[in-house]
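Trainee: Could you walk me through one part of this protein up close? I'd like to see how it sits among everything around it.

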Amino acid sequence: MDITEFYDTFFEEADELLAEMESHLLELDVDNPDVERLNAIFRAAHSIKGGAGTFGFEALQRTTHLLENLLDYTRRGELALRRDIVDTFLEAKDMLNDQLDAYRQGGEPDPEALERICETLRRLALEELGEDAGAEVAGAAPAASASPEPAADPAPAEAAPSAGEGTPDGGARFQVTLIGVADKDRDLLIEELAQLGDIEDQQVDGERHRVVLTSSLSGDDIEAVMCFIAEPEQLEVRALDAAAPAAATESKPEVKAETEAAPAPAKPAAPAKAESAAKSGDGAKKGGESTSIRVPVSKVDQIINLVGELIITQSMLNQVAEDSETVNDGALVTGLNLLQRTARDLQEAVMSVRMVPMDYVFSRFPRLVRDLAGKLGKDVELVTEGKSTELDKGLTERIIDPLTHLVRNSLDHGIETPDRREAAGKPRTGRLTLSAQHQGGNILIEVIDDGGGLNRDKILEKARSSGLSVSDSMSDDEVWQLIFAPGFSTADAVSDVSGRGVGMDVVKRNIQAMGGHVEILSTPGQGTTTRIVLPLTLAILDGMSIKVGEEMFILPVSAVIESLQPRADDLYSMAGGDVLLKVREDYLPVVAVHHALDVADAITDPTRAIAVIVQGEGRRYALLVDQLVGQQQVVVKNLETNYRKVPGVSAATILGDGSVALILDVADMHRLGQSKKENPVFGAPTRARPVEEVEPS
């Protein structure tokens with residue numbers, strides 16, 4: 001059997017184990033480490049080592065073996081923790097990530113990097129444990145065929161059967177105990193055990209199913225293969241005739257008697273069975289059915305696309321029914337209403353499959369904050385709120401880089417050094433908060449620091465020296481937006497953290513590409529809040545249908561605030577061709593959709609048009625349209641993938657009558673209108689009365 005088929009499963013589980021290891025390491029109290037947390041770190045290293053040995057990943061096995069040895073001394077209290085030792089463990093974890101990536105791409109890890117990390121771990125062992133124990137820890141890594149435990153007491157020579165003793169094929173005898181495994185999963189496990197050797201006997205005692213197995217594999221190899229199917233706490237492996245009793249895998253799966261026979265290649269479970277049985281969760285632990293299944297994202301995307309087509313078809317049927325004489329057919333109307341409800345429920349259920357908690361994103365930042373704060377000489381406490389808030393998986397992948405830039409900026413520019421904070425009457429330890437919450441059809445993500453806040457005068461001075469058009473009368477919100485200009489930086493010196501003027505413009509551009517916008521709130525001396533507003537998903541949105549001339553367009557409902565019919569007295573013309581609409585006490589820039597998109601036969605008199613007040617990139621605008629048609633759910637089709645980028649347009653959709661409608665990009669519509677402001681916006685511009693100075697909101 002070609003075991004390369006099962007690499008992906010190993011890589012996924014190894015990634016999860018490394019993330020768990022890093023999380024536990026970061027939360028360790030070096031003065032009073034939690035024993036259970038240390039055991040969890042050790043188990044993660046042990047599981048990765050076992051899998052690496054099974055698949056022949058020698059560099060990965062070698063590194064985890066050395067790390068596991070050190071972790072074993074740590075959890076037994078013989079190696080006292082310090083911050084620099086934790087740093088070394090984190091460095092080793094990073095190297096394990098690099099090695100996994102190399103194997104995932106079909107290559108081999110960097111041998112020089114491997115030797116560096118192994119030498120670092122050996123040196124730590126010798127310096128902290130003394131010559132004898134250190135030499136034992138720093139000994140050669142085990143061969144790929146076996147994975148002996150670092151702290152196992154040597155079994156008496158007579159306890160271990162020699163090759164061929166008591167076994168017809170020269171293998172060793174093991175007792176494998178399955179604990180609380182559901183019937184169908186147990187059958188799968190027995191089937192896989194049969195591929196690892198010869199089953200001599202089976203006994204059932206309540207929830208414990210004991211299997212006597214003769215195999216040329218080591219106990220660790222048997223455990224590594226079976227843990228791809230069962231949870232660690234459902235499995236015990238011990239060598240028969242050993243002097244010491246078996247150890248359960250949840251503490252430290254130890255094999256007291258090993259055979260020296262060379263093992264045959266392990267035969268992991270078949271992909272379909274492994275994926276359906278792996279990570280069986282609470283249900284499996286209680287002896288029930290498996291409660292989860294691993295499905296490739298591509299399959300979920302395919303289902304989402306099909307559900308989108310179903311919604312489009314349902315809209316078409318509704319349109320046909322409304323346009324035909326069968327509109328009064330009660331049975332047809334009832335059926336169509338039922339279809340609409342079912343399609344909506346199906347869409348929500350399918351979309352929920354792609355939703356993942358924000359903890360997937362936030363869990364990456366404790367390490368970043370710890371390392372960067374240490375480099376900058378600052379004390380920073382990281383707080384995360386709303387980790388269970390869910391966001392589309394595609395968006396979580398794309399929001400990580402922008403958030404990383406924002407966190408680095410808060411640590412470098414925002415939070416002060418301990419001495420400066422103390423002089424300002426603040427606690428020496430700064431506070432950085434990452435929060436997420438749902439807000440209507442959007443998700444609101446905030447990066448909040450309690451630092452010194454943005455310096456308005458310094459930003460304006462830098463903007464002027466950079467050639468940007470600014471004025472002292474600009475509102476704070478407009479001044480804060482200047483930091484997103486390309487190449488803008490107020491850092492006094494360039495460092496490896498910041499100062500080159502790259503990052504914030506990329507943040508804004510990436511967030512806009514996801515259909516969101518970014519806002520900044522800052523109070524001098526108290527701190528800064530950077531707020532990101534994103535749609536929950538990019539696949540389906542609630543849209544407002546508008547008509548301009550004979551063309552139909554879609555506005556995201558999340559961007560619409562209100563609509564009204566302008567009065568001549570509320571319109572003001574500005575120098576340069578701009579027109580403002582007074583809405584209560586605010587003056588909003590007016591964008592005529594027909595003018596920006598060159599739509600013919602549209603209403604050009606603003607007092608006869610409808611003004612839709614929308615918000616984009618933290619600012620509000622008044623879009624002039626001919627008619628509001630209604631609200632409907634639309635399936636988003638990427639226009640750039642199927643055609644090209646169109647100014648003022650974010651995507652497209654298919655309406656119920658089969659026609660294509662463009663989904664407008666609110667902020668880009670304003671920029672598009674500005675680029676054409678040398679032309680008259682209105683057919684009757686004399687209706688707008690001039691005002692000398694009016695500040696737009």
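Trainee: Of the contacts in the protein with a separation of 6 or more, what share comes from residues 24 or more positions apart? And can we then zoom in on helix 14?

Mentor: Quick housekeeping before we dive in. This is a predicted model, where local features need pLDDT of at least 70 and side-chain atom pairs pLDDT 80 or more, while totals for chains, interfaces and linings use all residues. Numbering starts from 1 along each chain as its sequence is written, and side-chain values use heavy atoms, leaving out hydrogens and water.

Now your number: residues 24 or more positions apart make up 70% of the contacts with a separation of 6 or more. A contact is a pair with heavy atoms within 4.5 Å. For the overall picture, count 21 helices and 23 strands (DSSP runs numbered from the N terminus: H or I of at least four residues, E of at least two). Of the 697 residues, 48% are buried (buried is under 20% relative accessible area, exposed over 50%, partly exposed in between, with a 1.4 Å probe and protein chains only).

On to helix 14, which runs over residues 393-414. Find the largest nonpolar core, a group of 47 residues (a core is a set of buried Ala, Val, Leu, Ile, Met, Phe, Trp, Tyr and Cys joined through side-chain atoms within 4.5 Å). Helix 14 supplies the largest share of this core, seven residues. The residues with the most contacts inside the core are Ile399, Leu403, Val407, Ile445 and Ile532. Pick out Val407 and ignore its neighbours within four places in sequence: you'll see it touching Phe365, Leu368, Val369, Leu432, Leu434 and Val447. Apart from this core lies another one, of 45 residues, including Phe10, Leu67, Leu70 and Ala113. Here's a general rule to keep in your pocket: in soluble globular proteins, nonpolar side chains tend to be buried together.

Three of the partners of Val407, namely Phe365, Leu368 and Val369, also turn up in the contact that helix 13 makes with helix 14. Helix 13 covers residues 365-376, and its axis comes within 10 Å of that of helix 14, crossing at roughly 30° (axes are lines fitted to C-alpha atoms, for helices over the stretch in contact, with angles of 0 to 180 degrees between N-to-C directions). The two helices are therefore roughly parallel (under 35 degrees is roughly parallel, over 145 roughly antiparallel, 65 to 115 roughly perpendicular, and the rest oblique). Leu372 and Leu376 of helix 13 join in as well, and helix 14 meets them with Ile400, Leu403, Thr404, Val407, Arg408, Leu411 and Asp412.

Helix 14 also packs against helix 18 (residues 504-513), with axes 9 Å apart at an angle of about 150°. Because of that angle, the pair counts as roughly antiparallel. From helix 14 the contact takes Arg398, Ile399, Pro402, His405, Leu406 and Asn409, and from helix 18 it takes Met504, Val507, Asn510, Ile511 and Ala513. Ile399 is worth a second look, since it is one of the core residues with the most contacts and also touches helix 18.

For another helix pair to set beside these, scroll to helix 10 (residues 297-323) and helix 11 (residues 330-354), whose axes come within 10 Å and cross at roughly 160°. That makes helix 10 roughly antiparallel to helix 11. Among the residues in that contact are Val300, Ile304, Val307 and Ile311 of helix 10, along with Leu332, Leu336 and Leu339 of helix 11.

Let's finish with two leucines outside the helices. Leu655 sits in the loop between strand 21 (649-654) and strand 22 (660-664), and it is buried at 8% relative accessible area. Leaving out neighbours within four places, its partners are Ile312, Met316, Met552, Ile554, Gln632 and Ala661. Leu521, in strand 10 (residues 517-523), counts as partly exposed at 38%. With the neighbours within four places set aside again, Leu521 touches Gly527, Thr528, Thr529 and Arg531. Its C-alpha lies 9.0 Å from that of Gly453, although 68 residues separate the two along the chain. If you go back to Leu655, you'll find its C-alpha 9.0 Å from the one in Val635, 20 residues away in sequence.
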